[in-house]
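Got your viewer open and ready? Load the model, and let's take a walk through it one selection at a time.

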Amino acid sequence: MEDGIQDIINHDNDALRDRVADLEKKVQEQADEIVCLRGTLADVLRRVTQLEGRAVIITSNNVPTPVKSSFSSNTLPSKPSNINYQRQITSPTTNSNSHHPAPQTPAQPNRRLSHYPSSGSLHSEGGHSSSSASPIPSPSPSITNSRSSPSPRHTPSPNRHISMSTSNLNSMKKWSSSQEYLTSNNNASTKDAVLMQEEGIVKLYLRGRPIALHIPTDYLQDYSLNKVSNPPSQRLKLEWVYGYRGRDCRSNLYFLPTGEMVYFIASVVVLYNVEDQIQRHYMGHTDDIKCLALHPNKLIIATGQVASTDRRERRPHVRIWDSVSLNTLHVIGAGEFERAVCCVAFSHADGGSLLCVIDESVEHTLSLWDWQKGEKGHKITETKSATETVLAAEFHPMDRHTLITIGRGHIYFWDTEGGTLAKKLGLFEKQDKPRYVLCMSFTETGELLTGDSNGNILVWSRGSNKVARTIYNAHDGGVFSICSMKDGTFLSGGGRDRRIIEWDHALTRTGREAKLPEQTGGIRALAQGKGSMLLVGTTRNCILQGTLSLNFSLVVQGHTEEIWALAVHPNQSQFITGGHDHYIHLWDTMSHSVVWSKDIGESVQSACFSPDGSVVALATTSGRWSVLDATTRQVYSMHADGSESIDCIKFSPDGRFLAVGSHDNYIYVYQVDDEYKKYNRIGRCMGHSSFITHLDWSDDSTYIQTNSGDYELLFWNAGVCRQVSNMSIARDIKWNTQTCTIGFSVLGIWPENADGSDVNTCSRSHSHKLLATGDDFGKVNIYSYLSCQPKSPHHSYGGHSSHVTNVDFTPDDTRLISLGGRDCSIMQWALT
């Protein structure tokens, strides 16, 4: 009798479990339908906004605060609207005290930080909308930032200091989206430029050294230091970003319901619609973005950044923003995190009301936030996470109080119930403990899958901290990514073997797999794209799209090491970039794609096209340079001038000469024959006491002007390789280009307290109306040309997170190209 009752109970329990499973499946299907509906509405809103051309422009003299959001996790964002922003000064509250102040180094230069380890690293060492609408920047806290590495081209000043005085802040007349209109403080703390009218020179002081700049005859009579020049009427708008940060960041590629993939590079989050060939950009960050998390509603995004030198927000923080309007909703944790934010994650089981943040302090502090509470969120609790590197954090999709973190030699299971954090260490079999736990994902039944550096995939039962099953040798080398697909299968990606392998729901190989080509690198991130499409981010900063049954195609490509070389084609909408990754790429500004690539075999430092665009000259860091056919890539000529880096190489306007500026302090001049195929050295210009940084040819191809590392400006007769000492001749020479950063016509580009290494590059537009510069603080600046008044007003634009190494205009002056040095990004700006 008892056995019969037990059988009935067991049968009823089984039936109940089946019904609950069916209900869960239906609820999930309805949730998917709701997400799809949201995505469709969001896409409609994005397209309408784009058509209407709406944009929030901040013109207040005050620094705006983040928009207070009433945006819940279950509602769609509204269309961006014009709002009046007021400066708000807030006092510290209980949950916003600085537990981890940013590192301070008094009286040290404030330059761009470098957060890019070698490509062999397993982990990271550590503006606003250009479309639709502008996210709102946060107030600027007053804090001294740590010193960062200077631009390699220059020698840093030991006494460099950037004033953050009230007068400097007041000198900002207006700034919006990714731009600032800046005028320098007239009460400069360093020695001002001095006009010596009788001698016809202006003395500019860089790092305390006087530099005599001779005034052209046409300006001698009317020139005055007291005149105020006007900023340019044209502005820059970020049009396209080339590159992806996959080399040292993970879990940073997702597909949105709007049909866009989202990823980041430098301080820009890119939302890229491959079908429509449209990019939008979230530019609320002020420095390197290190992590990205997608809210369960697929529309809200959280991104975390490193400590910055930017005046708006120097401290590491998390920005939560709307992917449709690109408005900033909340700025979380300014003053709470140390060094950088390395991991962010939204909760899932409760609809995404919590945010987990882990910083890069010594003990990797983990904090939980009620991110929707107030403009700055509310910190619920925090604790020390691990002394070893933490690579990822994820909330359990079904257990609302379970959080998992992984990293070097560990996996922790956290219980968040009651607003506290209690952790259990994941237990490995002794012989199976990996050096790194690299990635994780969840099954439909709540089991946890982890991939490790041993190439194994481990299965952890729901609610347990012990390994339930191990799939050995899933990959040859580390398993860098695991992706759960909508059809119940799983995909794993290998870093070393570059393979993508499909597994069924029982974690058995289905036999379907793909291998990426060597030049794209190993798999860094996997994400399900539109329909059956798969998105693959790689360790060589590429993104591919395709399926296991079809080939994968490159949709995003970039450099993997520092980039310095830039050459814009003289009559086509194309440009070449070269980097220390040994690659050169020819890009098309209209199709936003790579035309061709070539491995040079050594680090490329500078490049130039011939006047007719038929050949390109490439110079390296070893003193060697070569000339290639711009179409066939055939090498016509190879030469070596010394054994040191060549920072500048340039053809004369008539194509008869080639000048090469080297770190050995010489300028080598070559005669060019046989349609750019033969080069005979006619001499070298000797006279500089430091390495050559920039050079320009005169319009008549007779003279050269050069700058050096010790801030010299010298003039040369190229035909005889002799210095021009007669300034009555030199002052009136018309220059074909203006890339020299020291000269009378570019006097106004130097900020106060400049030490001579702040400005890395400049370029004059072909119309002679604009001058663009790139500096050590990640800014691209545009001035009116001539910029001959000290500290000229200009427009400044963020986006890069490293020193800007090169800028140049396209032949029709409709676009500007900028290179981001160590952030490996290339940005294409439209002039509006």
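Here is a short tour of a predicted model, stop by stop.

**Stop 1: a nonpolar core.** Select M261, Y263, L816 and W829. These residues have the most contacts inside the largest nonpolar core, which has 42 residues. Now add strand β6, residues 236-242: this strand gives the most to that core, with 5 residues. Then select I211, Y711, W735 and A754, which are among the 30 residues of another core, lying apart from the one you just saw. As a bit of background, nonpolar side chains tend to be buried together in soluble globular proteins.

**Stop 2: a lysine and its partners.** Go to K379 and show its side chain. You are now in strand β18, which covers residues 378-384. Is K379 buried or exposed? K379 is buried, because its relative accessible area is 10%, and the cut-off for buried is under 20%. Which side chains does K379 touch through polar contacts? Show E336 first: its side chain and that of K379 are joined by a polar contact of 2.6 Å. Next show E382, whose side chain makes a polar contact of 3.1 Å with the side chain of K379.

**Stop 3: an open sheet.** Color β23, β24, β25 and β26. These 4 strands make up an open sheet, in the order β23-β24-β25-β26, with antiparallel pairing. Why do β23 (437-442) and β26 (467-471) each have one side without a neighbour in the sheet? They stand at the edges with a single partner strand each, so nothing in the sheet flanks that side. Going from one strand to the next, the twist averages 25°. Zoom in on β24 (residues 448-452) and β25 (residues 457-460), which pair in the antiparallel sense over 4 bridges. To find your place in this pair, pick G451, which stands opposite I457 in β25.

**Stop 4: the WD repeats.** An unreviewed UniProt entry lists "repeat: WD" at residues 472-504, 556-597, 639-680, 685-717 and 797-832. Select 472-504: this span is 48% strand and 0% helix, and its end C-alpha atoms lie 16 Å apart. Now try 797-832, where the end C-alpha atoms lie 14 Å apart and the span is 44% strand and 0% helix.

**Stop 5: a glycine in a loop.** Finish at G798, in the loop between β54 (794-797) and β55 (806-809). G798 counts as buried because its relative accessibility is 10%. Now select K779 too: 19 residues separate it from G798 along the chain, and their C-alpha atoms are 5.0 Å apart.

Terms used
Residues numbered from 1 in each chain as written. Predicted model: local features only at pLDDT ≥ 70, side-chain atom pairs only at ≥ 80, totals over all residues. Heavy atoms only, no water. Helix = DSSP H or I, 4+ residues; strand = E, 2+ residues; numbered from the N terminus. Buried < 20%, exposed > 50% of the residue type's maximum accessible area, 1.4 Å probe, protein only. Polar contact = N/O pair within 3.5 Å; in protein donor to acceptor, adjacent residues only side chain to side chain. UniProt positions renumbered as here; feature names shortened; annotations may be inferred. Core = buried A, V, L, I, M, F, W, Y, C linked by side-chain atoms within 4.5 Å. Pairing = 2+ DSSP bridges. Axes fitted to C-alpha atoms, helices over the stretch in contact; angles between N-to-C directions.
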